[in-house]
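Work through the exercises below with the sequence and the model at hand. Each task is followed by a solution in steps.

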Amino acid sequence: MEDTEGVALRGSLTPLISQIERERGVDLSQYRESYVERRLGTRLRALGLTTYREYCAYLASAPNEYARLLDALTVNVTDFFRDPPVWDIIRGEVIPSILAEKAAVGHHAVRAWSAGCATGEEPYSMVMAFLAARNPKPERLLLSVTATDLDPIALKTAARAEYDIAKLDHIPLAERSRFVTADERHFRISPEVTERVRFRTLDLFADEPPLALDLILCRNVFIYFTREQQERVTGVFHRALAKGGYLVLGRTEKMSTIVGKSFEAVSSRERIYRKP
Ligand SMILES: C[S@@+](CC[C@H](N)C(=O)[O-])C[C@H]1O[C@@H](n2cnc3c(N)ncnc32)[C@H](O)[C@@H]1O
């Protein structure tokens, strides 16, 4: 892209970012500007538009375009321990607090849900993080993770628990040596991890959620939903959590304002909340 053209487009990017945040609650300022520009560029070109202002107007007249835009930004992307700062808090605060409260009442069963788990990297990361905690010993940890998605093909990949070797780098060394067996091109997640995860198809708008949960991860899923839909699904999560249970949203996703009042923030920056 020509420099002059780049400057003209950047100048008008702010109203577009505000519009997307207002309408979808997606905070694109979290992404690198060059990345957003590149991805938006593909949509503008596909539509034959040349300015962000035209694109704002197009989004207002054709709201279906939001889905295409957000697809262009995120696709079905997922990874092991995606967004490390979030996992630092999950490992350093959330998991220890859940386990300590279980220990205090002498009851070690932990129930978690990865909602919108795509190809399974997120729920497997969650189990590895729990098993890596010092207490209780892995054999005493009764952890059951329900992992759900709308997409049955993604879930098939997830259940296979076999991944391209290129993804291995994202798993921290300690977990890699403990929970993974690899050959030259692929690696497999060990049964100690996989046996704690149950996959099933679930539409967040239509199907009954698992209940009495200690932890829900629903990251990079709200981007597909309108504000009203986000509100509804946040209500579902509130109902599905036990008292004191945690909810983790994606880094670009804002807690909805109405239902948000019934959660307290653990880390607003990393979008981690707790049901009081
Ligand atoms: C970008 S992936 C997120 C994967 C993972 N949570 C992460 O953050 O890395 C989004 C997933 O949400 C799923 N999804 C979209 N709408 C859904 C719905 N209504 N109910 C359940 N899952 C949905 C998609 O199929 C997709 O696999």
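**Exercise 1. Find the residues that lysine 275 touches, leaving out residues up to four places away in sequence, and classify its exposure.**

Solution. Step 1: lysine 275 touches His238, Leu241, Lys243, Gly244, Gly245 and Phe263, where contact requires C-beta atoms, placed from the backbone, within 7 Å. Step 2: the model is predicted, so local features need pLDDT of at least 70 and side-chain atom pairs count only at pLDDT 80 or more, while totals for chains, interfaces and linings use all residues. Residues are numbered from 1 along each chain as its sequence is written. Step 3: lysine 275 belongs to the segment after strand 10; helices (H or I, at least four residues) and strands (E, at least two) are DSSP runs numbered from the N terminus. Step 4: lysine 275 has 19 C-beta neighbours inside 10 Å and therefore counts as partly exposed. The classes are buried at 20 or more other C-beta atoms within 10 Å, exposed at 12 or fewer, and partly exposed in between. Step 5: between the C-alpha atoms of lysine 275 and proline 172, 103 residues apart along the chain, the separation is 30 Å.

**Exercise 2. Classify tyrosine 52 as buried or exposed.**

Solution. Step 1: tyrosine 52 is located in helix 4 (residues 52-61). Step 2: 22 other C-beta atoms lie within 10 Å of tyrosine 52, so this residue is buried. Step 3: proline 15 is 37 residues apart from tyrosine 52 along the chain, and their C-alpha atoms are separated by 8.5 Å.

**Exercise 3. Give the strand order of the open sheet of seven strands and identify its edges.**

Solution. Step 1: the order is 6-2-1-7-8-10-9, with mixed pairing; two strands pair if DSSP finds at least two bridges between them. Step 2: strand 6 (197-201) and strand 9 (264-267) each have a single partner strand, so one side of each lacks a neighbour in the sheet. Step 3: from one strand to the next, the twist averages 20°; angles run from 0 to 180 degrees between N-to-C directions, with axes fitted to C-alpha atoms, for helices over the stretch in contact. Step 4: strand 9 and strand 10 (residues 272-274) run antiparallel and are joined by three bridges. Glutamate 264 is opposite arginine 274 in strand 10. Step 5: helix 8 (residues 152-160) lies across strand 2 (142-149) and strand 6, at about 165° to strand 6.

**Exercise 4. Describe the open sheet of three strands.**

Solution. Step 1: its order is 3-5-4 and the pairing is antiparallel. Step 2: strand 3 (162-164) and strand 4 (180-182) are the edge strands, each pairing on one side only. Step 3: the twist averages 30° from one strand to the next. Step 4: three bridges connect strand 4 with strand 5 (residues 186-189), and valine 180 faces isoleucine 189 in strand 5.

**Exercise 5. Locate the two domains and describe the side of domain 1 that touches domain 2.**

Solution. Step 1: domain 1 covers 3-74 and domain 2 covers 84-274, with bounds from an automatic or database domain assignment. Step 2: their centres, taken over C-alpha atoms, are 30 Å apart. Step 3: ten residues from domain 1 and twelve residues from domain 2 take part in the contact. Step 4: on the domain 1 side, helix 2 (13-24) and helix 5 (65-74) are the elements that give two or more residues. Helix 5 supplies the largest share, three residues.

How values were computed
Contact = placed C-beta atoms within 7 Å.
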